[in-house]
Amino acid sequence: MKRFAIASLFLVLVLPGARSALAVSAQEAASFTVPAKETSRSTGFEFGNTIEHGGNADNSYFGSPGMSFERYSFQDDKNFGRFSHGSFTVPVIGDDTYDFQWGLMSGPAFRVRFTDRLALHTGLGFGASGLFAWYEEAGTDYFKSVFNFGVGADAGLKIDITDTFFIKGGVNVTWSFLGITNIRENDRSHGGWGETNKNPWGHWTLNVNPYISFGVNLYSPKRQIQWPVYERPQYGKPPREEAAQ
């Protein structure tokens, strides 16, 4: 009976304090600093110039108008950050072998700020692109897809119309030296993956794509938060006094 009383007293007096201490410790551990972050997101018009070279096919060129989308982000007012650039275009000039084209590039970014409203954004990264075609041969419908992988660069001049909105003009270049081609019957009843082959050695694709876009600036100030508190970024740029530091 005495042991039971002592154990009960221990549970009442000691364990609540221990639980409180563990809760405070967990709360402190969950608290962390989120750096200030500037992000620019834009979308606009892009014209793709694609040159296919070598391999078992003749050299070819096709021009593809379409849409681009882009994102640049920098932390703590630094000039080094990350970027991603993508596009969806439709070949309409030159070689009409393909019906649709997409591209994506991502990697480290760098910016040069000439004034508070004028900056040069540049980036280097890995790139991937795809080409799709639907065609008929000997009375059978086929679907052809080509996936290319390589490296590329992006450069664009960003002009802030206001603290929130900006326009940007630039160009991105991607050199793809690895790729695969898949051809299958465009008939669901057959199923399967069709025939996939690696592009022959010496085959490469060069994309030179000028673009002009319109976008918005987003900003998240540096702050201390505790999980799972989440705060949405604000429209606009950093305060002038912070940006000048």
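These legends go with a set of close-up views of a predicted model.

**View 1. Phe-88 and its neighbours from elsewhere in the chain.**
Here we're looking at Phe-88, which is part of strand E4, residues 80-89. Leave aside residues up to four places away in sequence, and Phe-88 still touches Gly-66, Met-67, Phe-69, Phe-100, Gln-101 and Trp-102. Take Gly-66: it sits 22 residues from Phe-88 along the chain, yet the two C-alpha atoms are 5.7 Å apart. Phe-88 isn't fully tucked away, though: with a relative accessible area of 40%, Phe-88 counts as partly exposed.

**View 2. Thr-89, buried in strand E4.**
Move along to Thr-89, also in strand E4. Its relative accessible area is just 2%, so Thr-89 is buried, the cut-off being under 20%. Again skipping residues up to four places away in sequence, the contacts of Thr-89 are Glu-46, Ser-64, Pro-65, Gly-66, Met-67, Phe-100 and Gln-101.

**View 3. Tyr-72 and Phe-83, a stacked pair.**
Searching the whole structure turns up 14 aromatic pairs. In the one shown here, the ring centres of Tyr-72 and Phe-83 are 5.3 Å apart and the planes meet at 25 degrees, so this pair is stacked. The pair ties together distant parts of the chain, with Tyr-72 coming from strand E3 (residues 60-75) and Phe-83 from strand E4, 11 residues apart. Both Tyr-72 and Phe-83 are buried.

**View 4. Phe-80 and Phe-110, a tilted pair.**
For this aromatic pair, it's 5.0 Å from centre to centre, with 50 degrees between the planes of Phe-80 and Phe-110. Distant parts of the chain are linked here too: Phe-80 belongs to strand E4 and Phe-110 to strand E6 (residues 100-113), 30 residues apart. As for accessibility, Phe-80 is exposed, with a relative accessible area of 62%, while Phe-110 comes in at 32% and is partly exposed.

**View 5. An aromatic cluster that takes in Phe-88.**
Back to Phe-88, now with its aromatic company: Phe-69, Phe-88, Phe-100, Trp-102, Phe-132, Trp-134, Phe-143 and Phe-147 make up one cluster. Phe-69, Phe-100 and Trp-102 will look familiar, as they are among the residues that Phe-88 touches in View 1.

**View 6. Charged ends sitting over rings.**
Arg-111 has its charged end over the ring of Phe-74, 4.2 Å from the ring centre. A lysine does likewise: the charged end of Lys-158 is over the ring of Phe-166, 4.7 Å from the centre of that ring.

Terms used:
Residues are numbered from 1 along each chain as its sequence is written. This is a predicted model: local features need pLDDT of at least 70, side-chain atom pairs count only at pLDDT 80 or more; totals for chains, interfaces and linings use all residues. Side-chain values use heavy atoms; hydrogens and water are left out. Helices (H or I, at least four residues) and strands (E, at least two) are DSSP runs, numbered from the N terminus. Buried means under 20% relative accessible area, exposed over 50%, partly exposed in between (1.4 Å probe, protein chains only). Contact means heavy atoms within 4.5 Å. Rings of Phe, Tyr and Trp (its six-membered ring) pair if their centres lie within 6.5 Å; planes under 30 degrees apart count as stacked, over 60 as edge-to-face and the rest as tilted. A charge sits over a ring if NZ of Lys or CZ of Arg is within 6 Å of the ring centre and within 35 degrees of the ring normal.
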